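Hello,

Here is the structure for your files. My notes follow below it.

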Amino acid sequence: MASEWKYYSNGRLSVLAPVSTFVRNSSILFFQDSQGHKIAIKNSIVLYKPIDDICSKKLEKTYPPSFVLLNGDFIYKANNIKDAFRVSRNIYESGCVLFAHPDFILFPKKYSLDPLFPQQWNFYNYGQYSAKSGVDLNIYKAWQYATGKGVKVALLDSGFDLAHPDLKGAFSDQVDLVSHDNNASYDNTYEVHGTACAGLIGARKNGVGIQGVAYNTKLIGVKLIGSYPDGSEKGLLISDIIKAFLYADANGADVINCSWGTYNVADAVRDVIDDLAYHGRGGKGVPIVFATGNDGRGQWYWANDESALPSVIGVGAVDDQGYLAWYTNYGSALDFVAPSGGGRLAIATDDIVGPLGYADGRFGHPNYCYATDMTGFNGTSAAAPQISGVIALMLERNPDLTRDQIYDILARTAKKIGDIPYIDGRNDFFGYGLVDAEAAVKEAIRLRVESIVKGHSYQIAGYFSRIGDGKFDWIYVSGSTVAKLAGMDEDGHLIWDPILYHAFDTIQIKDGFLLFGTATSSDPLALRLSQERLMIEGAFVHYGISIYDWIYVTRSGRSYKLEGLSYDEDFLWAPLQIRGVRKNDAILFE
């Protein structure tokens, strides 16, 4: 009864709703409070604090404490969990305590997104700041599948603010080819470009600032471009450019980002780029991403730029309305576009700490560029690192992808925006289109799983049937075991409520149906299913050792890789294109 789960909070009676769930420790009871938050109790301890010494002596006789904390809180051991609620109410209602309640298990709230995420319209555009909804990279949904963990992205740029709160711990390797040392920090406040690019790729999800596209990736910082104290740029030695690429490769770069170009690529530079792009990363090739440039000109102007090389992924820019950014270079060598400034908004990212930099302190947030600051970060320099981050997400889920496979996936899954016709999937203004991170990552997952299971047969682990219209109204049957699906916990384990063993005299599988015999248990689920005939909706197979290595196969043979829970706490799937064919008690993927 509800009265059993009442306790006093802030002087008022609060009622908890029990949540029936299967856990390893049956002594734990789970509840939801009135706001739907999870709360639990696993013992019968009560905490209370007497008002004065008279109350202390009075309560010690009726509810003798088993322990007294240093701050004067009493701990009382009740007989059971229900008794803990009852005793806590009695103690509080005595009028002798400041508080009295069970010793609950509380669950820390999770920070889901860093505070400046609404500024990152380029990751998730729902129309904020008058942007056109949907003009984004679909990063928010892609994070349900990958965060860049285990992938290294090299940035060849102008130096980095290694102490920035968003970038602490992000860099695994660094070198300065300007000053020729091992410290890739910026040297003066004109060297701000690298920090902004690094933030777009790898800004940590840490409860402050922004989040990078691949916020769990490791960055390799290569300071290649330097500035004099007056702001003028230093020239680039061809040999230093080559050293930069070789350093990235030697330190295990899976992706290389270059938000720069020379418009005059040297043969020696072309040679090292081609070699890494087609033969690096153990022969799979390193995706090398270049910004196409900000002169607003056609291919004739940038035909000799690094970004125009066939081995390079050249990235242009679109604005917050989905139009081609006025400054972006275009032409036959353009591969993809990503959101950047040029319309009503700029790009939110990290800025060097202090009053100088892109944000320059005038806007009250000197450590960050805001999308709403027109002095913020933009250009194709901002577009390129976003694509490098997307590739990192793809490689987390499928590290065996070749450079050409990555390019092909990006091309096939890109969103076709703009009003210019796409011939054979591309045009000279948007390339293959606006990259779609979620679609690209799901395609990477599909290729990975299919490469493992195609042509192989796996024992059926169990069958599923629907018993209602709710998202978790499913039962799972494996041998003589029947379980009602209740959801999935935060570690990715399915939750079953209840699990019944040998609750029926027979369970048969015949002609695509589950046939339940007479219930031998008084459990409500067993009684509900007694003598029932339910259609088998699908079957699960476990093809690997991970808790997520499950494939669900429908009656028609369609297959789906289980990914966990979505933001809506519904099941998250990655569709496969191979069919699962039932062969007796196994599934053959063909």
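How much space lies in the second largest pocket? The figure is about 590 Å³. This is a predicted model, in which local features need pLDDT of at least 70 and side-chain atom pairs count only at pLDDT 80 or more, while totals for chains, interfaces and linings use all residues. Residues are numbered from 1 along each chain as its sequence is written, and side-chain values use heavy atoms, with hydrogens and water left out.

Pocket. A pocket here is an open set of points on a 1 Å grid over the protein atoms alone, where a 1.4 Å probe fits, with protein on both sides within 12 Å along at least five of seven lines; lining residues have an atom within 4 Å of a point. Volume is the space filled by probe spheres set on the points, which are joined across faces, edges and corners. The second largest pocket is lined by 29 residues, and His 193, Glu 233, Ser 259, Trp 260 and Ser 381 are the closest to its centre.

Core. The largest nonpolar core (buried Ala, Val, Leu, Ile, Met, Phe, Trp, Tyr and Cys joined through side-chain atoms within 4.5 Å; buried is under 20% relative accessible area, 1.4 Å probe, protein chains only) has 108 residues, of which Met 394 and Leu 410 touch the most other members. Helix H8 (residues 380-397) gives the largest share, 10 residues; helices are DSSP runs of H or I, at least four residues, numbered from the N terminus. Apart from this core lies another of 28 residues, including Leu 177 and Phe 245.

Ser 88. This residue sits in helix H2 (residues 81-93) and is buried, at 0% relative accessible area.

Regards

Conventions
Buried means under 20% relative accessible area, exposed over 50%, partly exposed in between (1.4 Å probe, protein chains only). Helices (H or I, at least four residues) and strands (E, at least two) are DSSP runs, numbered from the N terminus.
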